[in-house]
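Happy to go through this one with you. Have a look at the model first, and then we can talk about a few of its strands.

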Amino acid sequence: MRTRKVNMIISLVTIMGGMALVVACGQRNATTVIEGDAAEQVYIAPGEYDEFYAFLSGGFSGQITVYGLPSGRLLREVPVFSQYPENGYGYSEESKPMFNTSYGFVPWDDSHHIELSQQNGEFDGRWLFVNGNNTPRIARVDLSTFETVEILEIPDVAGLHCAPFITENSEYLVSGTRFSIPIPQKDVPIDTYKENFKGLINYVSLDQDHGTMELAFQIEMPGFNYDLARNGKAVSHGWSFLTTYNSEQAHSLLEVNASQKDKDLMAIINWKKAEEYVAAGKFTERPTSYYHNLMDESTGIAHSQEMKMTRILKPEDCPEMVYFIPVPKSPHGCDVDPSGEYIVGNGKLSADMSVYSFSKIMKAIEEKNFDGEIEGIPVINYDAGLHGILQKPGLGPLHTEFDERGNAYTTFFISSEVVKWNVDNLEILDREATFYSPGHLVIPGGETRKPEGKYLVAMNKITKDRYLPTGPELAHSAQLFDISGDKMKLLLDFPTKGEPHYAQAIRADKVKPNSKKFYNIEENAHPYATLGESKTKVVREGDEVHVYMTAMRSHLAPDNIEGFKVGDKVFFHVTNLEQDWDVPHGFAIQGATNAELLVMPGQTKTLLWEPKKVGVYAFYCTDFCSALHQEMSGYARVSAK
Ligand code: CUK
Ligand code: CUA
């Protein structure tokens, strides 16, 4: 197979604080010649399954999308942080509480990083976690149902971008504040940043049986911008690594202020030590407010609980818990290789990449090889912790994933490429152009101890001419590469939803066997469930009316309902009585100001309807469920009060 030919003469001009970077990137009319068996490699014949599930974050859509690999087929969109009229998530009475926060009802967010649960440093296929950047939250999706079942708000942080990075036995999800803020919030001049603003790094513990999240403790840190984290694995298990930018503590992040220094910092946290301090009571309890929203499994109803206290660990009270080490300028995360020994710290504004050695860092700590301290936190000597420097790999390094053969793959935003290099000897092995400007990349298991280096997906930030134009707004573009050989090979482009940042991919057979086909109606403990058509009824309680409705091929019961009054609050509790795979029923009523419901077999869901005018209103099933689907309808009569 010959390699494809790419014409590239491009200039991308990035202007930052008056400084312009003019760089070769990718061109509008780039021709990509795919030759050989690329089509065959991604072709999944009708009726056959993909080898991997890929879970892509939705960025500003707030959701997650599920793709099959290698086909690049979109299998599902899972709503998480944004309301989703397609199935009523965030509109139904059961799911509305998922959006409760200390700021009120917030039915939108910006989701960036996917983390699958792990055991022994391998994906176990049970849960998936994702962050909400804007109103700081972490959500859990159950991979037996592909439903969001829990959202935990993280208090006293701003921009929960650095989240939710998991430890290798799913002990904790680690997150950090992107923007330091006054803690507790108060009315202070913004230029008192240095005195008044603080950062927090948060440890959320996970219940090993149920996956439920609990804010275990928060570590108070200097007022930097904490960007991205990874946890150690194998030899480095028990440690977390987070890069920071703006170690100048500038409150205006223009180049002139925030990128003056040649180096920024990576925070290194011994979380096992932090656990000991918590157990020894070395924390302070601080009053705060945050919400924990959890879906009850037996009723399918989400409940919110306001939490009012958090535990803070301060590095000055807890020696040998937190360290810093310099990293190249303006880093965007760090990545830990499958052995746990190497930590890649990249600087977006640096020409080189620093690769650290965990054992050298430990030695430097032991020998107290420090270059001073920052707010009581020792700064490890840069050279003492360094494994080596990857010289001039490309421009604008962003993210790195690994294969099981000792190689790393890094995306370069500015030079628009993926570069493959050897982690041990720091030799560059291959580079392939991407179209255009990749952000994250994903290899199945590529952040775990057990990568499967068969495919790589680059998620590109700029689309331009890759697809038929659709006006000013274009779908973001992902690109699939075969990385099983010495040279990477581009196989496929596919459009994505929202703006995917990170993604994770898992072998399908780790998820598929546990995928639920329907909810067992006998286990339905919803207080308004109607477990049989003979039990349907309409119950008035003052101005509230509860309709106990059932859906079954091919009728809604009751179907013709009279007695509603203008100004009533009508709750349609629809129970889908089917006990079969893939037979949802929908429910919509004319003039409802929310959305429809999509009710899975065995479930009960509730739609609120507040009729404003007299008349007779039609309702119907929205999902084409049977030959008599069109007949699955009824009328609601509304009289004057
Ligand atoms: S980030 Cu978007 S490309 Cu939020 Cu992980 Cu780097
Ligand atoms: Cu039920 Cu259509």
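**Strands and their partners**

Colleague: Which residues point one way from strand 3, and which the other way?

Modeller: Keep in mind that this is a predicted model. The side chains of strand 3 divide into two sets, and all of these residues are buried. One way point F52, A54 and L56, and the other way Y53, F55 and S57.

Colleague: Why is strand 3 largely enclosed by the rest of the structure?

Modeller: A residue is buried if 20 or more other C-beta atoms lie within 10 Å of its own. Strand 3 covers residues 52-57, and it is largely enclosed because the number of its residues that are buried is six of the six.

Colleague: What is the bridge partner of F55 in strand 4?

Modeller: Strand 4 spans residues 64-69 and pairs with strand 3 in the antiparallel sense, over six bridges. The hairpin they form has six residues between the strands, where G59 takes a positive phi near 55°. Within strand 4, F55 has as its bridge partner V66.

Colleague: And which residue of strand 37 is the bridge partner of L56?

Modeller: Strand 37, residues 503-507, also pairs with strand 3, over five antiparallel bridges. There, the bridge partner of L56 is A503.

Colleague: Which are the edge strands of the open sheet with the order 41-47-46-43-44?

Modeller: That open sheet has five strands, and its pairing is mixed. An edge strand here pairs on one side only, which is true of strand 41 (560-565) and strand 44 (597-599).

Colleague: Which residue of strand 46 does A588 stand opposite?

Modeller: Strand 43 (residues 585-589) and strand 46 (residues 615-620) are antiparallel and share two bridges. Opposite A588 in strand 46 stands Y620.

Notes
Residues are numbered from 1 along each chain as its sequence is written. Chains are lettered from A and ligands numbered from 1 in the order in which they are written. This is a predicted model: local features need pLDDT of at least 70, side-chain atom pairs count only at pLDDT 80 or more; totals for chains, interfaces and linings use all residues. A residue is buried if 20 or more other C-beta atoms lie within 10 Å of its own, exposed if 12 or fewer, and partly exposed in between; C-beta atoms are placed from the backbone. Helices (H or I, at least four residues) and strands (E, at least two) are DSSP runs, numbered from the N terminus. Two strands pair if DSSP finds at least two bridges between them.
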